[in-house]
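Let's take a walk through this protein together. Have the model open and follow along.

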Amino acid sequence: ETLRLHRPFQANSDHANFARAGIPGFRLVAGFGEHDAAARLVLTPFDRRDLVSDAALRRAADLAETITRAALDAEDAEAASWRAGTIDAD
């Protein structure tokens with residue numbers, strides 16, 4: 001699976017308040033931009049835990065952990081590039 005970066009900034013999520021305050025933040029969405037993805041169910045009556053598989057939740061948690069560890073291990077210059085919006089998506 002590939003982690004993709006989508007810009008421009010979207011103000012319709014929790015991360016927006018952090019980003020506005022200068023605190024790096026992001027919104028992690030599986031299937032963003034994919035018409036049939038489960039993301040289409042977010043904030044609908046079908047946005048329920050019982051409709052998500054344990055495997056999907058584990059993959060999301062693993063990815064969040066990987067991103068967090070990479071951020072904690074990043075050199076200062078790399079972290080500064082995230083704030084400047086020059087992140088390398090590869």
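What follows goes from the overall layout to a few individual residues and contacts.

Before we start, a word on the ground rules: this is a predicted model, so local features need pLDDT of at least 70 and side-chain atom pairs count only at pLDDT 80 or more, while totals for chains, interfaces and linings use all residues. Residues are numbered from 1 along each chain as its sequence is written, and side-chain values use heavy atoms, with hydrogens and water left out.

How far does the predictor trust itself here? The score to look at is pLDDT, the predictor's confidence in each residue, from 0 to 100. The protein averages 78, and 88% of the residues score at least 70. Among the elements, α2 has the highest mean pLDDT (89), whereas helix α3, residues 76-84, has the lowest (76). Take residues 86-90 with some caution: pLDDT stays under 50 there, and the model has seven contacts beyond four places in sequence for them. A contact, by the way, means heavy atoms within 4.5 Å.

Now the layout. The protein has three helices and zero strands, so reading from the N terminus you get α-α-α; helices (H or I, at least four residues) and strands (E, at least two) are DSSP runs, numbered from the N terminus. Of the 90 residues, 9% count as buried. Here buried means under 20% relative accessible area, exposed means over 50%, and partly exposed is in between (1.4 Å probe, protein chains only). The accessible surface adds up to about 7700 Å², and 55% of that belongs to carbon and sulfur atoms. Those areas come from the Shrake-Rupley method with a 1.4 Å probe, and for residues only the protein chains shown count as cover. As for how the chain meets itself, 43% of the contacts between residues at least 6 apart in sequence join residues at least 24 apart.

Let's start near the beginning of the chain. H6 is found in the segment before α1 and is partly exposed, at 42% relative accessible area. H6 and F26 are 20 residues apart along the chain, and their C-alpha atoms are separated by 10.0 Å. Move on to helix α1 and you meet A16, which is buried with a relative accessible area of 1%. What does A16 touch? Not counting residues up to four places away in sequence, A16 touches F9, Q10 and A11. The C-alpha of A16 also sits 8.7 Å from that of R27, which is 11 residues away in sequence.

Next comes the loop between α1 (15-20) and α2 (54-73), where you'll find F46. F46 joins L51, V52 and L57 in a nonpolar patch on the surface, with about 350 Å² of accessible area together. To be in a patch, a residue needs over 30% relative accessible area and no salt bridge; like charges are joined within 9 Å, and nonpolar side chains (Val, Leu, Ile, Met, Phe, Trp, Tyr) within 5 Å.

L43 also has its place in the loop between α1 and α2, and its backbone deserves a look. Phi of L43 is near 65°, a positive value in a residue other than glycine. Most residues other than glycine have a negative phi. L43 counts as exposed, at 75% relative accessibility.

How many salt bridges does the structure hold? There are three, with a salt bridge taken as a side-chain nitrogen of Lys or Arg within 4 Å of a carboxyl oxygen of Asp or Glu. One of them pairs D50 with R48, the closest N and O atoms being 2.7 Å apart. D50 is exposed at 55%, while R48 is partly exposed at 37%. Another links D54 to R49, again with the closest N and O atoms 2.7 Å apart. D54 is partly exposed at 43% relative accessibility, and R49 is partly exposed at 49%.

The side chains of R69 and E65 meet in a salt bridge too, at 2.8 Å from N to O. Why can these two reach each other? R69 and E65 are four residues apart in helix α2, so about one helical turn separates them. E65 counts as partly exposed, at 38% relative accessibility.
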